[in-house]
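Here are my notes for someone opening this one up for the first time. I've kept them to a handful of points, so have the viewer ready and click along.

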Amino acid sequence: MLSRFLLLFFAGMLCFACTAQTSKLPDSVRVHIDSSLTILKQNSLYGKKVDWKKVEADVYARAAGSRTTEDAFDALIVAFEATGDKHAAYYSGNKKFQIPHTDLLARYSDSLKANQLRGWRIVHRMIGGMAYVSIPAMPVNKQEEIEDHANRLYGIIAGMAKNNPEGWIIDLRCNEGGNIRPMMAGLAMFFPDGIMSCYIDRDGNAAGLSGIADGEFQMEGVTQAFIKNKMPSLKDAKVAVLIGPGTASSGEGVASNFRQRKNTRLFGQDTGGFANSTLSFTFNNNQTYFLISTHHIGDSNKKPLPEFVTPHETITGVEAYNDLQIDSAVMAAIRWLKK
């Protein structure tokens with residue numbers, strides 16, 4: 001009985017301390033913290049696993065003495081860390097926070113790091129009888145940019161198809177994500193008509209059905225980029241897809257779509273582990289921005305997919321983006337394509 005009394009006493013003291021800290025903060029700071037916690041609690045893909053009462057107490061304890069919303073920046077890091085959301089980003093004023101990707105970056109080869117520094121470019125060439133296309137990240141949002149990137153990628157593949165390649169190599173190893181719309185619109189010729197993916201919230205509800213219709217990439221039945229010059233379908237073509245730790249976010253979404261495709265095999269290493277969907281929230285008079293994971297990627301059967309995309313064949317060895325004929329993953333892909 002005494003132990004129970006002491007537990008209740010200390011719990012009451014904790015609530016009193018939290019209330020006291022809260023009451024000392026300016027209204028603007030309290031509203032900012034409460035709004036931030038509400039957004040994370042109600043929308044985070046991982047929110048149901050978090051002890052929000054404890055997190056709230058910890059955030060307010062760290063926010064003690066804050067006079068402005070920017071002063072409370074470090075306190076709210078507690079909440080982001082509690083979700084464990086590696087895909088999330090938190091901006092306020094000139095400050096930014098993301099959970100460190102230490103383990104992932106340790107998997108990056110020197111060759112991958114160097115290639116990423118070369119900037120945005122679609123690399124394409126014939127290697128023997130095989131068509132090779134390296135697709136970069138596409139961080140674009142304006143519709144005209146989406147249309148431009150989609151048509152550029154589509155046009156490159158249409159041009160290479162005139163060489164009647166024996167097979168195709170789609171290299172996603174340097175694709176860290178961005179907007180999946182121009183990527184999939186530019187690759188639509190490789191897929192048959194039908195639903196290929198969806199987004200699934202933390203309650204298991206599926207939405208955002210994506211697929212191909214009449215050779216165009218659609219989301220919820222709406223074409224995402226209009227292709228100017230259509231080419232014949234390549235839905236039966238043999239395709240090897242290269243993935244690795246530099247494949248992330250929307251790049252992983254593309255890899256997931258290919259993994260469900262017939263006559264396709266993935267080579268390389270596990271991806272970065274960001275294969276989910278995010279939403280952004282702007283508030284605090286446009287001074288604060290949250291990007292948080294809100295949905296799993298689902299397959300054509302509305303089944304949630306893992307956040308890592310795994311290859312059919314794990315390849316280690318030489319990564320040589322400037323000399324593809326000695327690149328281990330490229331060589332493994334060619335051997336399979338020739339079978």
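1. Start with the largest nonpolar core, which in this predicted model has 44 residues. If you want to find the middle of the crowd, pick V133, I157, W168, I170, L187, F190 and F258, the residues with the most contacts inside that core. Two or more residues each come from β4 (130-134), α7 (143-161), β5 (167-171), α8 (180-186), β8 (216-219), β10 (239-243) and α9 (250-259). Helix α7 gives the largest share, with nine residues. As a rule, nonpolar side chains in soluble globular proteins tend to be buried together.

2. F190 is a nice residue to click on. Setting aside neighbours within four places in sequence, F190 is in contact with I157, W168, I170, L234, K235, V239, F258 and R261. Apart from this core there's another, made of 28 residues, including I39, A75, A79 and F97.

3. Stay with α7 for a moment, but look at something polar: N151 sits in that helix. Is N151 buried or exposed? With a relative accessibility of 17%, N151 counts as buried, because the cut-off for buried is under 20%. The N151 side chain reaches the backbone oxygen of F226 at 3.1 Å. Not counting residues up to four places away in sequence, N151 touches F226, I227 and K228.

4. Now for two backbone oddities. D214 isn't a glycine, yet has a positive phi of about 55°. You'll find D214 in the loop between β7 (206-213) and β8, where D214 is exposed, with 65% relative accessible area. N285 is another non-glycine with a positive phi of about 55°. That residue, N285, belongs to the loop between β12 (276-283) and β13 (288-298), and at 72% relative accessibility N285 counts as exposed.

5. Last stop, the largest pocket, which holds about 1,100 Å³ of space. Which residues lie nearest the centre of the largest pocket? They are H87, G178, S249, S250 and T278, out of 43 residues in the lining. At least two lining residues each are supplied by β1 (89-92), α5 (102-105), α8, β6 (194-200), β8, α9, β12 and β13. The largest share, four residues, comes from α9. By class, the lining has 20 nonpolar, 19 polar and four charged residues.

6. One thing to take away: α9 turns up in two of these points, giving two or more residues to the largest nonpolar core and the largest share of the pocket lining.

Definitions and conventions:
Residues are numbered from 1 along each chain as its sequence is written. This is a predicted model: local features need pLDDT of at least 70, side-chain atom pairs count only at pLDDT 80 or more; totals for chains, interfaces and linings use all residues. Side-chain values use heavy atoms; hydrogens and water are left out. A nonpolar core is a set of buried Ala, Val, Leu, Ile, Met, Phe, Trp, Tyr and Cys residues joined through side-chain atoms within 4.5 Å. Buried means under 20% relative accessible area, exposed over 50%, partly exposed in between (1.4 Å probe, protein chains only). Contact means heavy atoms within 4.5 Å. A polar contact is a pair of N or O atoms within 3.5 Å; within protein, one must be able to donate a hydrogen and the other to accept it, and residues adjacent in sequence count only if both atoms are side-chain atoms. On a 1 Å grid over the protein atoms alone, a cavity is a set of points where a 1.4 Å probe fits but cannot get out, and a pocket is an open set with protein on both sides within 12 Å along at least five of seven lines; lining residues have an atom within 4 Å of a point. Grid points are joined across faces, edges and corners, and a volume is the space filled by probe spheres set on the points. Ala, Val, Leu, Ile, Met, Phe, Trp, Tyr, Cys and Pro count as nonpolar, Asp, Glu, Lys and Arg as charged, and the others, Gly among them, as polar.
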